[in-house]
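Pull up the model and let's take a walk through it together. We'll begin at one residue and work outwards from there.

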Amino acid sequence: MYKYHCLNAISKSGLDIFPETYEAQETMEYADAVLVRSASMHEMEFPLCLKAVARAGAGVNNIPLEACAERGIVVFNTPGANANGVKELVIAGMLLASRDIMGGIEWVKAHAGETDVAKRAEKQKKEFAGCEIEGKRLGVIGLGAIGALVANAALHLGMEVYGYDPYLSVDSAWSLSRHIRHVKDVNEIYSQCDYITVHVPASENTKGMIGKDAVQKMKDGAVLLNFARDILVDEQDVMDALENGKLKKYVTDFPNPQTAGKDGVIVIPHLGASTEESEENCAKMAVKEIREYLENGNIRNSVNYPDCDMGKRGSNARITILHHNVPNMIGQFTAILAGRDLNIADLTNKSRGKYAYTMIDVDAENLEGVEKDIEKIRDVLKVRIIS
Ligand SMILES: NC(=O)c1ccc[n+]([C@@H]2O[C@H](COP(=O)([O-])OP(=O)(O)OC[C@H]3O[C@@H](n4cnc5c(N)ncnc54)[C@H](O)[C@@H]3O)[C@@H](O)[C@H]2O)c1
Ligand SMILES: O=C(O)[C@H](O)COP(=O)(O)O
């Protein structure tokens, strides 16, 4: 029986994929796997039994990736599973920044019940007028799952689209329309675009990437959209730019005391991925990743260990070893098996930075003592025998 714990509400259609051999737990204490959305895990203590954390979503800045790796906990995310939900909200964000739709709606609410509301609205509406996005230039920083969808959708809405991503993946490159202008210097986005939207992961490298320097280079009256993470933007610099009229609007999906309720800022309560479809897609993908890892040892879409796949486990026992990426590990593992006269049917080893993963299928059912012997090897972080 496997045990899992949900740190956030996870869509039922995903959890329903767990078979009867899985049991939900009220706490993490005895869990083999944890499912999480945005709950911060940085201050949490992890039990020894925990083997996997699946982020039902994209951003993993709420999870201590290295600490998990050191404890032999594989962290997964669900790439692209909520990208369409975010794309649609980004388009909405551009429209909300272009016309005072919200101001207009508030005005109607305030005058509800007045018999001449229709006549007064016709007089008042000039106060809420704005511009169209067709023909305007959009700059997309980060052309991954979300950025690529936003860029393509904006083209279809008649915008001219510039895209910047120095680490563009082959998959994203294939998905991008050839009509998107591939920009090599982000300053071109700052100086040329009417709308700028950021879709990069939050990390030490990207923190504060849009600050005073970037804002000063932007066109007067530009609109900045941030549906990625608030820490990517130096929001004090953006507030100053709104106050002095350099920027027209800042649209953000991340409320905080600095921006909430402030003039010129449209703050959405982190709704990018909060659609039925995105929540289902993320939950289903997260549950499948956990099952694949717990039942077969296969790692798909990890963010702290290499992906590694030996297919479904057959009648052989499968040994899986998470370890540091240092020399002579495989030699030590195979020596333990050779010493017991065990035949290796298949073996795979993959590495990613400081960490590596070895999977070994062995022609035997009884591997008594093997797990303990491998655990004793220096630089081994977690061993499992799936049989
Ligand atoms: N608002 C929401 O609800 C919501 C939902 C999903 C994701 N997000 C956020 O959006 C981020 C992006 O999501 P995604 O699914 O598109 O991820 P992704 O991994 O598919 O794409 C990220 C892209 O950013 C690029 N990149 C990295 N550093 C860069 C840099 N310095 N300059 C330009 N490009 C850079 C990468 O090459 C990659 O193509 C997530 O990390 C998360 O923080 C927010
Ligand atoms: O990174 C993500 O996937 C989003 O920010 C969504 O977060 P949520 O799952 O908490 O809505």
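Start with Lys-262, which is partly exposed because 16 other C-beta atoms lie within 10 Å; a residue needs 20 or more to be called buried, and 12 or fewer to be called exposed. Keep in mind that this is a predicted model. Lys-262 has its place in the loop between β11 and β12. If you look for Leu-242, you'll find that it is 20 residues away from Lys-262 along the chain, with 9.8 Å between the two C-alpha atoms.

Now step off the loop onto the strands on either side of it. β11 (residues 247-252) and β12 run parallel and are joined by 3 bridges, and Tyr-250 stands opposite Val-265 in β12. β11 also pairs with β10, again in the parallel sense, this time over 5 bridges. Here Leu-224 stands opposite Tyr-250 in β11, so you meet Tyr-250 in both pairings. How much of β11 is buried? The count is 6 of its 6 residues, so the strand is largely enclosed by the rest of the structure.

Zoom out and you'll see the sheet these strands belong to. It is an open sheet of 7 strands with parallel pairing, in the order β8-β7-β6-β9-β10-β11-β12. Which strands stand at the edges? They are β8 (181-182) and β12 (265-267); each has a single partner strand, so one side of each is left without a neighbour in the sheet. Lying across β9 (195-198), β10 (222-226), β11 and β12 is α3, which runs at about 150° to β11.

That helix is a handy bridge to the ligands. α3 (83-98) and α6 (145-156) each supply at least two residues of the shell around ligand 1, and α6 gives the largest share, 3 residues. There are 33 residues around ligand 1, and those that come nearest are Gly-59, Gly-142, Gly-144, Tyr-167 and Gly-272. By character, the shell splits into 18 nonpolar, 12 polar and 3 charged residues.

Where does ligand 1 lie with respect to the domains? Its shell takes residues from both domain 1 (1-82 + 274-305) and domain 2 (131-267), so ligand 1 lies between them.

Ligand 2 has its own set of surrounding residues, among them Arg-37, Ser-38, Asn-82, His-270 and Ser-274. Gly-59 and Gly-272 are in that set too, and you've already met both among the residues nearest to ligand 1. The shell around ligand 2 is made up of 2 nonpolar, 7 polar and 1 charged residues.

One part of the chain is still left to visit. Besides domains 1 and 2, the chain has a domain 3 (308-387), and the C-alpha centres of domain 2 and domain 3 lie 46 Å apart.

Follow the chain to its other open sheet, which has 4 strands in the order β14-β15-β13-β16, paired antiparallel. Its edge strands, β14 (344-352) and β16 (380-386), each pair on one side only. On average, neighbouring strands here are turned by 10° against each other, ignoring direction. Inside the sheet, 8 bridges join β13 (residues 317-324) to β15 (residues 355-362), and the two run antiparallel. Leu-322 is a good spot to check this pairing, as it stands opposite Tyr-357 in β15. To finish, look for helix α12 (residues 329-339), which lies across β13, β14 and β15 and runs at about 25° to β15.

Methods. Residues are numbered from 1 along each chain as its sequence is written. Chains are lettered from A and ligands numbered from 1 in the order in which they are written. This is a predicted model: local features need pLDDT of at least 70, side-chain atom pairs count only at pLDDT 80 or more; totals for chains, interfaces and linings use all residues. A residue is near a molecule or strand if its C-beta atom, placed from the backbone, lies within 6 Å of it. Ala, Val, Leu, Ile, Met, Phe, Trp, Tyr, Cys and Pro count as nonpolar, Asp, Glu, Lys and Arg as charged, and the others, Gly among them, as polar. Domain bounds come from an automatic or database domain assignment. Two strands pair if DSSP finds at least two bridges between them. Axes are lines fitted to C-alpha atoms, for helices over the stretch in contact, and angles run from 0 to 180 degrees between N-to-C directions. Two residues are in contact if their C-beta atoms, placed from the backbone, lie within 7 Å.
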